[in-house]
Amino acid sequence: MGLSVLRAPVREVTEQEIADFRANGWARLPGLVAPEFVADLKERALERLAERRERFRNSFVDQAFGQDRDIARHDEAYAALALSPQLAHNVTRLLVGVDAVRLQVTNLLIKEPANGDGHGATVFHQDFPWMPMDRSAMLTVWLALADIPADMGALRFYNGSHLYGSLGRSFVREDDDALSQHPWLETLELSEPIDLEAGDATMHSSLVIHGAPANRRDSPRLSFTATYFDANALYTGAAYGQTDGLGLEVNKPFDHPMFPVVPRP
Ligand SMILES: O=C(O)CCC(=O)C(=O)O
Ligand SMILES: [Fe+2]
């Protein structure tokens with residue numbers, strides 16, 4: 001099957017979801033992607049994961065979940081979803097003042113059951129403090145590839161925390177989660193644990209504080225993420241594994257095949 005025949009069935013975001021995203025820094029999107037398509041994505045994910053089961057667990061991030069970065073470069077169904085015009089349209093509707101977005105990265109995430117030597121919790125953090133973009137209009141679509149009951153580790157968010165700007169990096173040292181650094185975050189409302197079904201998604205701002213509990217079920221938590229940013233963002237030159245050595249120019253847009261502008265419908 002060629003790329004051209006694959007069209008990802010993504011629905012339009014609602015006005016209420018846009019309002020939720022703006023107010024809370026994230027939104028829940030039930031049934032964002034049609035179940036048949038997601039069932040195929042799940043099969044593809046399991047095939048890839050079977051090939052690369054044992055992983056290094058060196059960094060603090062690796063202790064929280066496994067990653068298969070840039071999966072959309074290796075798999076046409078993931079590419080069809082990540083480059084879906086409808087999805088890009090949804091993303092521009094959520095972000096304020098953004099007409100077009102680039103794809104930053106895709107990722108297949110696996111959180112193994114905590115029993116034994118599985119993964120731990122994802123500590124509360126913001127995504128933006130790591131990024132070499134000069135503006136924070138950026139968000140991640142986090143799609144459940146199979147049912148994810150709350151105790152399997154769906155994300156939780158500090159509602160409204162995206163309104164406080166960049167609060168610093170996490171995953172750098174032991175105990176440097178956002179709450180240790182900023183105990184006042186506890187005054188904000190923590191979103192309720194949510195049960196996601198395959199095809200449900202959350203979308204979160206790069207500035208909202210989010211984390212996830214360990215997986216207390218006996219099967220792995222499987223999700224796919226795609227992160228998008230304002231196509232007008234300029235490269236700051238900040239050191240970042242993904243962008244170092246790509247030849248990007250400081251104070252210029254991310255005009256590079258790694259960061260395609262996603263066409264809208
Ligand atoms: O899936 C997780 O536990 C964390 C994912 C995350 O932090 C992100 O997608 O920004
Ligand atoms: Fe994150």
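## Around ligand 1 and through the fold

By class, the shell around ligand 1 holds 5 nonpolar, 5 polar and 2 charged residues. In this scheme Ala, Val, Leu, Ile, Met, Phe, Trp, Tyr, Cys and Pro are nonpolar, Asp, Glu, Lys and Arg are charged, and the others, Gly among them, are polar. You are looking at a predicted model, in which local features need pLDDT of at least 70 and side-chain atom pairs count only at pLDDT 80 or more, while totals for chains, interfaces and linings use all residues. Residues are numbered from 1 along each chain as its sequence is written, and chains are lettered from A and ligands numbered from 1 in the order in which they are written.

**The ligand shell.** The residues that surround ligand 1 are Ala-64, Phe-65, Leu-109, Lys-111, Thr-122, Asp-127, Thr-140, Trp-142, His-210, Ala-212, Ser-223 and Thr-225; each has its C-beta atom, placed from the backbone, within 6 Å of the ligand. Four strands give two or more residues to this shell: β3 (101–111), β5, β8 and β9 (221–230). Here strands are DSSP runs of E with at least two residues, helices are runs of H or I with at least four, and both are numbered from the N terminus.

**Strand β9 and its partners.** A good place to start is β9, where 10 of 10 residues are buried. Buried means that 20 or more other C-beta atoms lie within 10 Å of the residue's own; 12 or fewer makes a residue exposed, and in between it is partly exposed, with C-beta atoms placed from the backbone. β9 pairs with β3 in the antiparallel sense over 10 bridges, where pairing requires that DSSP finds at least two bridges between two strands. In that pair, Val-105 has Thr-227 of β9 as its bridge partner. β9 also runs antiparallel to β5, joined to it by 7 bridges, and here Ser-223 of β9 stands opposite Ala-144. Ser-223 is also one of the residues around ligand 1.

**The small sheet.** Strands β4, β8 and β6 form an open sheet of 3 strands in the order β4-β8-β6, with antiparallel pairing. β4 (122–125) and β6 (156–157) are at the edges with a single partner strand each, so each has one side without a neighbour in the sheet. The pairing of β6 with β8 (residues 210–212) is antiparallel and has 2 bridges; Arg-156 faces Gly-211 of β8.

**The nonpolar core.** The largest nonpolar core has 71 residues, and Leu-143, Leu-145 and Met-203 touch the most other members. Such a core is a set of buried Ala, Val, Leu, Ile, Met, Phe, Trp, Tyr and Cys residues joined through C-beta atoms within 7 Å. Strand β5 (residues 138–144) supplies the largest share of this core, 6 residues. Leaving out residues up to four places away in sequence, Leu-143 touches Leu-32, Val-33, Ala-201, Ser-223 and Phe-224; two residues are in contact if their C-beta atoms, placed from the backbone, lie within 7 Å.

**Helix α4.** Leu-87, Ala-88, Asn-90, Val-91, Thr-92 and Leu-94 are the buried residues of α4 (residues 85–94). Their cover includes α1, α3 (76–82), β3, β5, β7 (201–205) and β9.

**The chain as a whole.** The chain contains 6 helices and 9 strands. Its C-alpha trace spans about 45 × 40 × 40 Å along the principal axes. The radius of gyration is 17 Å, which agrees with the value near 18 Å for a compact globule of 265 residues; it is taken over C-alpha atoms, and the globule rule is 2.2 Å times the number of residues to the power 0.38. Buried residues make up 43% of the chain. Of the contacts with a separation of 6 or more, 84% join residues 24 or more positions apart.

**Some less covered residues.** These four round off the tour.

| Residue | Place | C-beta neighbours | Class |
|---|---|---|---|
| Ala-19 | helix α1 (residues 15–24) | 11 within 10 Å | exposed |
| Phe-171 | loop between β6 and α6 (178–181) | 17 inside 10 Å | partly exposed |
| Asn-251 | segment after β9 | 9 inside 10 Å | exposed |
| Met-258 | segment after β9 | 15 inside 10 Å | partly exposed |

Phe-171 is not a glycine, yet has a positive phi of about 65°. Asn-251, not a glycine either, has a positive phi of about 70°. From C-alpha to C-alpha, Met-258 is 9.0 Å from Leu-246, with their positions 12 residues apart in sequence.
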